[in-house]
There are 2 protein chains.
Amino acid sequence: MANDKNQVRQITNMEEDFTQWYTDVCIKAELVDYTSVKGFFVLRPYGYALWENIMGQLDREFKRLGHENVAMPMLIPESLLQKEADHVEGFAPECAWITYGGSEKLEERLCVRPTSETLFCDHWHRVVHSWRDLPKLYNQWCSVLRWEKTTRPFLRHREFYWQEGHTIHASEAEAIEETERMLEVYADICENYLAMPVVRGVKTDKEKFAGAERTYTIECMMHDRKALQSGTSHYFGNGFSKAFDVEFTNKNNEKEYPYQTSWGMSTRIIGGMIMTHGDDRGLVLPPRIAPTQVMVIPIAMHKGGVREKAEELVSALAAAGIRAKADYSENSPGWKYAEYEMKGIPLRIEIGPKDIEKGECVAVRRDSGEKITVSIADAPARIAELLETVQKGLYDKALANLEEHTYTASTALEVSDIMADKGGFVKTMWCGDKECEVEMKNIAGVTSRCLPFKQEKLGDKCAVCGKTAHKMVVWGVAY
Amino acid sequence: MANDKNQVRQITNMEEDFTQWYTDVCIKAELVDYTSVKGFFVLRPYGYALWENIMGQLDREFKRLGHENVAMPMLIPESLLQKEADHVEGFAPECAWITYGGSEKLEERLCVRPTSETLFCDHWHRVVHSWRDLPKLYNQWCSVLRWEKTTRPFLRHREFYWQEGHTIHASEAEAIEETERMLEVYADICENYLAMPVVRGVKTDKEKFAGAERTYTIECMMHDRKALQSGTSHYFGNGFSKAFDVEFTNKNNEKEYPYQTSWGMSTRIIGGMIMTHGDDRGLVLPPRIAPTQVMVIPIAMHKGGVREKAEELVSALAAAGIRAKADYSENSPGWKYAEYEMKGIPLRIEIGPKDIEKGECVAVRRDSGEKITVSIADAPARIAELLETVQKGLYDKALANLEEHTYTASTALEVSDIMADKGGFVKTMWCGDKECEVEMKNIAGVTSRCLPFKQEKLGDKCAVCGKTAHKMVVWGVAY
C-alpha cells in the first residue's frame, strides 16, 4: 500500500533552490497545507502548536505589562475605513469586500479587517471621555485578510494570524514609550525564544505603516541573506484620534486629542524561524519554542524492558518540565530518525537493550548531529542543559550569519556589487531624501530596512546623491 | 465633570423587563459594547477575560482527551459549501458573501464561514488516505458569521466566538463515542464551572444540525424560565465523507468512508451565565470562572497602615491561588461596592482600621449579601472555602429553579396552560412525528428542546395526536 508515512520524505536541497526547499519544509514537516482558495492555508496541528507556543509567550508578556485582551468585529464599513486618508490609501487596494448578507445586498459594503486601527478608534470614540479612562492598553488575537497577488506559506498569506496591540494615551511621551517598549518585547521573543538575532530600528517615511507618524521595526537575516521584517510597532501621534473624533477631558478640564500606538507580530515569524535555522534535512526548531523538545526512540522494542525504560525516561523528563514524547510505532528507527529530523525536534534520544544494560541512553542533537551519551539517572538535568546549549548554539550561528553578511559601503554602486556578489545587509549614509531611496532601489535592487538605533558614522555623504548625510541606513532585499 | 465612573449605574429591574435588564447588565458591567455594524459587538476586556477563562478550561479538557488545535481558512468557496445538500440548505440563507478582492471581482464568491465542516472535509480529502491516518481529533478557536435578523449581546451575534471540534474516525462506534464524550465535556464545564445545571439529550430530527445524523444537546433553564441550548455535539455518519470524497484504506486493504463528528460551544454561554445567576444589582459570577474572585476594598485609606494591610492581604490570597485585586482609587467605598456588585465579583473584602486592630476583615458574598468576619491570618484558607460555598450555592439555586419549573403534561392544551401560567420546561410523551412537533408549537408556543437521556414513562400516548408514544420530550421556549 502506498503510504507516505512509510517513506522517508525527500526535500529539495537548500543550495539548489532555496524557495523550493522552504516550501518543501513547510509541507513535509506538516506545518501547513494548501486549500481550495489561493493564498489561504490550513495551519496543521504541528504548525498551530508552534504558533500556540509563540502566542503563549507573547500573551504572558503583554499581560505582565498591563495589557488586556479584547475582540473587535471582523468587518469594517467602507466609510469607517475611509476616515484616515493615508490609512485607507494603504489598505483599500487589498481589502476583501462583503456585498451580500444572506440574499440581501448590503447598503454599504464591508471589508474583512486587513488591520483594526479603525475599529479600535470607533470603539474609543464611544468609551474614552476623561483622563480617568486613559491609558487603554488593548490587544487582540485574530486573523486578518489582505488580498495579495503572490502568496507563500507563512510569509504571505491572504489570511494570516497575528496579534494586534492598540493603545491610547493622554500624552505623547507615554505613547512613544509604549511603542518602544513593545518593540523590545518583539526583540526579546526573537532573540531569546526563536534564537533569531535582530536589527532594531526605525523605518523611513517611505516604508512606514499607512497612517503612522513613525514605525519601529526589527529586521532579521534569513539563511539566504534576505531580510525579514519580523515585528513592527507604530506611533500614530494624534492623527487617528482627530480623524475619529476621540477626545478626552484632561485634568485641567480641557478637551484634548489622545495619542495612539499599534504593534503586531504574525505567523510570518514562523517562516522566519524556518529560514533562519532549517537545513537540508528539514526544520530545525529552537528548544524554547519547540512543541516537542525531545523524542525518545526505543531500539529493538521487541526486547523485554525497552518500552518500559523508554516510558520511564519520558516521565522523568516530563517531570523536569521537558516536553518529551516517545514513538512506539512499528516504523523502523531509521524512518523515525528522518521523520523527527524533518520536524526539527531539537534532541532525539536513542535507547536500546545495550544502553539500558549500561544505564545509559544516547542523545542526538538535531542542529549538529552530535551524539552524547547520557546516564539515564542524570538524564533530566543533562537533557535540560543540552537543550539550553542547542538554543544558544542556534542563536550564535544565526548571529554569525548576520554579522558575516553585514557590509558597509559608500556608494550605491558598491551596494550593488555587494548584493550581486554576496547578498546580505549593507550599511550606508543617507541624506534622508525619498528620491535617494528610490534611486538606491533602481541601482542596487535593495530597499531600506531601517535606520538602526545603533547609528554609526560611516563618513558624511549620502551614498546616492553625495550630499551631506547624518543618518545611517541598513539596506537589503526583503521577503 | 460628568463621568459615569463617579456614579452608581442604574439598571432596569429584572421582574419589570427581563430583556432590558439583560442588556443593561451586558453594557453596564462592561462586558460588551455596540459597534458601527448591526449585530457586531466588541468584547471588552472584562467580557473577553470571562471568555478566556472558559476557553482555558475547555482547551485543557480537549487536549487531555487527545485533541489538537488547528486553523482552517475563514472563507468557503460557494461550490464547496454546496457539496452537502442539507448543510447548504441550512446555512446559505445566513451567509455573508465576499464578491471583491481589492478592485477585482471574484470568479466565484466566497462566504465567511458560518461553521467549518466543509473546510475540514476539504482538508481531510487531501490528507486522509489510510487507517493509519485515523482518527484525527481537531479543534479550532475562531469566530464565525451568521447574518441573523434579530441580534442581542452574546445570545445572537452576527459574528460570534466559539470553538468547533471536528473529528474523523474509522468506525461508526468510535465516532458516536466521541460525540457523546464531548457532550459530557460541555455538561461538565456548565455544571462544575459555570454553575449551570443541564438537561442532556438528543435533538429531534426537526431540530438537529443541518447535515447531521444525530445532534446531542445540553439545555439550560434561564432565570426567566426560558431554555438556552448551551452546547451541541453532532454525529454525521459518513454523509460528509461521501459528499467530499474522503476515503481511507482499511486494515483489509479495502476502501471505506470514514465517520465524522463536530461539536461546539460559543460565547453564547456567557449570556446563559448572566441569565442564570444575575440579579437586580447586576452580574453574578461563579467563582471558578470569575476573572477576579475577590475584590479587596480598603476603608478609610488615608489612615496609616490600611493600604499596606490590604496589599498584604491581596498577596496572601494570590499566593493561595485566589484571583484577588484591591481598589485603591479615590472613589468612595459605597461607589466601589456598587461597581463590583455590578461586575459580579463573587466576594468583596472590606478592611478598615477597626478591623485591622482586631486582626480581622469582612467578606461579603455577592450572591447572598451575607457578611462573614474572617481573621486576616486565616483569610487564604477561609476565603478559598467561601468561594467554593458560593460556587455550590449558585449551582443549587439554579438547580432548584430548573426542578421547580419542570412540569409534566399529557396533552398539548395542558402544556399551553402551564406555559401561560408559569413557564419552564414541560415533559410529555411524543409519538415521534414531525407533524405533532409542529402542532405542539401552534398550540402551546413551545419547541422540542430534546429527548432527554433520562427517559421517563409518563403514559403511552402522544400528547398531541394521542397515538402510541414511547419517547419523552422536554418542551420549552428557547432563546
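**Strand pairing, chain contact and domains of the model**

In chain B, strand β15 (residues 294-298) pairs with β16(B) in the parallel sense over three bridges. Helices (H or I, at least four residues) and strands (E, at least two) are DSSP runs, numbered from the N terminus, and two strands are said to pair if DSSP finds at least two bridges between them. The model is predicted: local features need pLDDT of at least 70 and side-chain atom pairs count only at pLDDT 80 or more, whereas totals for chains, interfaces and linings use all residues. Residues are numbered from 1 along each chain as its sequence is written, and chains are lettered from A and ligands numbered from 1 in the order in which they are written.

Within the pair formed by β15(B) and β16(B), Met295(B) stands opposite Lys325(B). Both strands belong to an open sheet of five strands in chain B, ordered β16-β15-β17-β18-β19, with mixed pairing. Its edges are β16 (324-326) and β19 (371-375) of chain B, each of which pairs on one side only. On average, neighbouring strands of this sheet are turned by 25° against each other, direction ignored; the axes are lines fitted to C-alpha atoms, for helices over the stretch in contact, and angles run from 0 to 180 degrees between N-to-C directions.

In chain A, β15(A) and strand β16 (residues 324-326) likewise pair in the parallel sense over three bridges. Here Ala324(A) in β16(A) is the bridge partner of Val294(A). Five of the five residues of β15(A) (residues 294-298) are buried, so this strand is largely enclosed by the rest of the structure. A residue is buried if 20 or more other C-beta atoms lie within 10 Å of its own, exposed if 12 or fewer, and partly exposed in between, with C-beta atoms placed from the backbone. Val294(A), Val296(A) and Pro298(A) point one way from the strand, while Met295(A) and Ile297(A) point the other way.

The two chains were then compared. Superposition by least squares on the C-alpha atoms of residues with pLDDT of at least 70 in both copies lays chain A on chain B with an RMSD of 0.0 Å, by a turn of 180° and a shift of 0.0 Å along the axis. That is the relation of a two-fold axis. In chain A, the C-alpha nearest the axis belongs to Ile98(A), 2.1 Å from it.

The contact between the chains takes 49 residues from chain A and 49 residues from chain B, where two residues are in contact if their C-beta atoms, placed from the backbone, lie within 7 Å. Among the elements that give two or more residues to the side of chain A are α2 (45-64), β5 (96-101) and β8 (159-169). The largest share, six residues, comes from β5(A). This side divides into 25 nonpolar, 14 polar and 10 charged residues; Ala, Val, Leu, Ile, Met, Phe, Trp, Tyr, Cys and Pro count as nonpolar, Asp, Glu, Lys and Arg as charged, and the others, Gly among them, as polar. Five bridges join β5(A) to β5 (residues 96-101) of chain B, and the two strands run antiparallel. In this pair Gly101(A) stands opposite Ala96(B). Of the interface residues of chain A, 100% are also interface residues in chain B, so the copies meet through the same surface.

Chain A is assigned domain 1 (14-277), domain 2 (294-386) and domain 3 (406-476), with bounds from an automatic or database domain assignment. In domain 1 of chain A, 15 residues are in contact with 14 residues of domain 3 of chain A. The largest share of the domain 1 side, four residues, comes from β9(A).
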